[in-house]
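Open the model in your viewer and keep the selection panel at hand. The stops below run from domains to a single helix.

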Amino acid sequence: MSNEILEGEYFLSGDAAAAEGAVAAGCKVFAGYPITPSSEVAEKLARRLPQVGGVFIQMEDELGSIAAILGASWGGKKSMTATSGPGFSLMMENYGLGMMTETPTVIVNVQRGGPSTGLPTLLGQGEFMQAKFGSHGVFEAIALAPESPQECFDFTIKAFNLAEKYRQPVVVLMDESTGHLFEKVRIPPEDEIEIINRKKPKEVPYPPFMPDDDLIPPMPIVGEGHQIHATGLTHDEYGRPTITAEAQEKYVKRLVEKIRKHADEIMDYEEVMTDDADVIVVAYGITARSARRAIIQAREKGIKAGLIRLKVVWPFPDKILQKYADKKFVVAEVNQGQALIMVERAIRKSATFVGKMGGEPHRPEEILKGIEEAYNANS
Amino acid sequence: MARIEMQIGGFGGQGVILAGLVIARALSLYDGREAVFTQAYGPEARGGASASGIVVDDERVDYPYPLHPEILVLMSQEAMTTYLPNMRKGGILIIEENLVHLDGEPDVSELHKIPATKIAEELGNKIVTNIVMVGFIAKVVGDRIGLKKESIKKSVLEMVPAKVRELNEKAFEMGYNYEEA
């Protein structure tokens, strides 16, 4: 098929860039239920996927959407859905099924204001914790938070790579502002894009949940001669339900450990002017762009401020924050304190919080005020 | 050129979103500038207040929204009420003269007026009002934001449907060559 990757420079919205990232990553199945502010992802893929031999399915709802992409993945195709808060909530049960069945897939959540249907067309960052704790039970999430259309493209590819590598669902935690703003996006030539594909078993048949030494099992594909049973029940290496404390200890512990063991490889962050900083701002997504300006404004006022921008929000980068634990911290996000909990836990002290209810991003001055407050507080 | 903020306000259906998009796209893809385009609109398909935001810089744009635009384009009375108070003092104001009636003298360094809707109607279709305005904007502030005529024209022609390309080209030229009274 031609035009798999549209190499070149484009002026794209974050949503459109995420869709192109999916195509570049080799996504061949999109199943979704359009919802603002993520609808442009679906719109673009409805046009693009048929051009590259892929399938676009508009599902009856979000429950069906995530079930379809899990199934497509077992059929050997890279798959994705895109949604926003209300749909993300509906997907939570089968998000857990994806974890329990170790199914690589990508969920793009373009966050809007909530709870409930909240602000359909306006910004929120309320699903930071939901990406990690929204589905019941025990698992380690992987979630990425782009701040620009370029990163929506890059991080969607990265999300597919991480999903394939670690054999589990990965969330691209976008937000309405990043999804709807337009900026230049460079789509590199195909040979410059790193693509990771899932490990395939060397033997047929191969037990679907038999891990290698890295704790990640190769993934047998339906129709290639394997005997596959994937269930949400706790199971053994063959996928047979095994409802015992011992099996739970063995299986779920491995699910957690396969991510924890590789957390350093997965974590990704950017440090801006942290070298000499007295105050460190922690932010992600669109809020990081407000913070970039705020730390410059702070420096103009004589306060040495820096930014740690979370590119991967889960696993949470405790270590990097602990490196600066003697500094003063400010956390800015469009919710009432979610990353804040993780930051304070990492640095083992209070941080100054600059939250918003949603609807619009922080004005740089709002974060500046937080920086000044942190700087002037007695430590 | 440091950071420059620009805003185009009007009502839904006038094409202010496309107007902003073609300008930002030209700056970004063809004029080597860093540019971000954002939009603000109500839930209505037509008739509600609507605005395009463009932030241009030499370096990568950090905060992507206009805070106090130094270039403001107004295409409706409601847009004036909403966006004029937020404009940077001493900036450049461009208005659709038949749709915007200023109360008193605004605190601006330059005030430019164009009957963009009337010009579009004379061309045969009111739908190109926005592109008449884009031509006029390119003429008035092009040099100051690093926007070249050929770039913006290319951007416009690439972004409109093929069957109305000629009409849009005419509309652009009418706006670009408009002589203010």
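The domain bounds used on this tour come from an automatic or database domain assignment. The model itself is predicted.

**Stop 1: the two domains.** Select residues 8-192 of chain A and colour them as domain 1, then colour 270-376 as domain 2. Taken over C-alpha atoms, the centres of domain 1 of chain A and domain 2 of chain A are 26 Å apart. Each side brings residues to the contact: 22 residues from domain 1 of chain A and 22 residues from domain 2 of chain A.

**Stop 2: the domain 1 side of the contact.** On the side of domain 1 of chain A that touches domain 2 of chain A, select strand S6 (119-123), helix H6 (130-133), strand S7 (143-144), strand S8 (169-175) and helix H8 (176-180); each of these elements gives two or more residues. Which element has the largest share of that side? S6(A) does, with three residues. Colour that side by residue class and you get twelve nonpolar, six polar and four charged residues.

**Stop 3: the whole chain.** Clear the selection and show chain A as a cartoon, which has 14 helices and 15 strands. The radius of gyration of chain A is 21 Å, close to the 21 Å from the globule rule for 379 residues, so the chain is as compact as a globular protein of that length. Along the principal axes, the C-alpha atoms of chain A fill a box of roughly 65 × 50 × 40 Å. Buried residues make up 53% of the 379 residues in chain A. Among contacts in chain A with a separation of 6 or more, 74% are between residues 24 or more positions apart.

**Stop 4: helix H2.** Select residues 39-51 of chain A, which form helix H2. Its 13 residues should span 18 Å at 1.5 Å a residue, and the end C-alpha atoms are 19 Å apart, which agrees. Where is the kink of about 30° in H2(A) centred? Centre the view on A:Leu45 to find it.

Now show side chains for the buried residues of H2(A): A:Glu40, A:Val41, A:Ala42, A:Lys44, A:Leu45, A:Arg48 and A:Leu49. A:Leu45 is thus both the centre of the kink and one of the buried residues. To see what covers these buried residues, add elements of chain A including strand S1 (8-13), helix H1 (14-25), strand S2 (27-32), strand S3 (55-58), strand S4 (78-83) and strand S5 (105-113).

Finish just after H2(A), at A:Gly53, where phi is positive, about 80°.

Note on methods:
Residues numbered from 1 in each chain as written. Chains lettered and ligands numbered in written order. Predicted model: local features only at pLDDT ≥ 70, side-chain atom pairs only at ≥ 80, totals over all residues. Contact = placed C-beta atoms within 7 Å. Helix = DSSP H or I, 4+ residues; strand = E, 2+ residues; numbered from the N terminus. Nonpolar A, V, L, I, M, F, W, Y, C, P; charged D, E, K, R; others polar. Rg over C-alpha atoms; globule rule 2.2 N^0.38 Å. Buried ≥ 20, exposed ≤ 12 C-beta atoms within 10 Å, placed from the backbone. Expected span 1.5 Å × (residues − 1). Bend = angle between axes of the 7 residues up to and from the residue.
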